[in-house]
Amino acid sequence: MRELEHLVAKAFLLRDGEVVDGFGLAPGGSGRVPEGAWPVLSLAEAEARTIRAALAACDGDKTKAARLLGISRTTLYEKLKKLPD
């Protein structure tokens, strides 16, 4: 289940709502992103997307999302307060 959560989070980050293709997300994928396909994000936006993806993968369970992200629940709550709308 954890691998699936990571896969969903990775797909969300890489494609931001677009259709997910197989470049490295599935077994047999190249693992390389086609030129121009990788979005250029600020660190703050990348962190926000990662947090939102973790929450989505954990059905909104903040304790599980914090565990998935490798941070404490308190740290997650602090980061959530700072997220742009």
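**Close-up 1. Helices H2 and H4 sit oblique to each other in this predicted model.** Helix H2 covers residues 43-57 and helix H4 covers residues 73-82. Their axes come within 11 Å and cross at roughly 120°. Why call that oblique? Angles of 65 to 115 degrees count as roughly perpendicular and those over 145 as roughly antiparallel, so the H2 and H4 pair lands in the oblique group. As for handedness, H2 passes H4 in a left-handed crossing.

**Close-up 2. Here are the residues where H2 and H4 touch.** On the H2 side, look for Glu47, Ile51 and Leu55. On the H4 side, the partners are Leu76, Lys79 and Leu80. What kinds of residues make up this contact? Four are nonpolar, two are charged, and none is polar.

**Close-up 3. Glu47 and Lys79 form a salt bridge.** Zoom in on the side chains and you'll find the closest N and O atoms 2.8 Å apart. This pair ties together distant parts of the chain: Glu47 belongs to helix H2 and Lys79 to helix H4, with their positions 32 residues apart. Both residues also turn up in the H2 and H4 contact. Are they buried or exposed? Glu47 is partly exposed, at 36% relative accessibility, and Lys79 is partly exposed too, at 25%.

**Close-up 4. Arg49 and Glu45 pair up within helix H2.** Their side chains meet in a salt bridge, with 3.1 Å from N to O. The two are four residues apart in H2, so about one helical turn separates them. Now check how much of each one is accessible. Arg49 has a relative accessible area of 10%, and anything under 20% counts as buried, so Arg49 is buried. Glu45, at 26% relative accessibility, is partly exposed.

**Close-up 5. Glu78 and Lys81 make a salt bridge inside helix H4.** The side chains meet at 3.3 Å, N to O. How far apart are Glu78 and Lys81 along the helix? They are three residues apart, which is about one turn of H4. Glu78 is partly exposed at 38% relative accessibility. Lys81 has a relative accessible area of 64%, and the cut-off for exposed is over 50%, so Lys81 is exposed.

**Close-up 6. Let's put the salt bridges side by side.** The structure holds three of them. Side chains of opposite charge can pair when their charged atoms come close. Glu47 with Lys79 links H2 to H4, Arg49 with Glu45 stays in H2, and Glu78 with Lys81 stays in H4.

Technical notes. Residues are numbered from 1 along each chain as its sequence is written. This is a predicted model: local features need pLDDT of at least 70, side-chain atom pairs count only at pLDDT 80 or more; totals for chains, interfaces and linings use all residues. Side-chain values use heavy atoms; hydrogens and water are left out. Axes are lines fitted to C-alpha atoms, for helices over the stretch in contact, and angles run from 0 to 180 degrees between N-to-C directions. Angles under 35 degrees count as roughly parallel, over 145 as roughly antiparallel, 65 to 115 as roughly perpendicular and the rest as oblique. A crossing is left-handed if the near helix is turned anticlockwise from the far one by less than a right angle, and right-handed if clockwise. Contact means heavy atoms within 4.5 Å. Ala, Val, Leu, Ile, Met, Phe, Trp, Tyr, Cys and Pro count as nonpolar, Asp, Glu, Lys and Arg as charged, and the others, Gly among them, as polar. A salt bridge is a side-chain nitrogen of Lys or Arg within 4 Å of a carboxyl oxygen of Asp or Glu. Buried means under 20% relative accessible area, exposed over 50%, partly exposed in between (1.4 Å probe, protein chains only).
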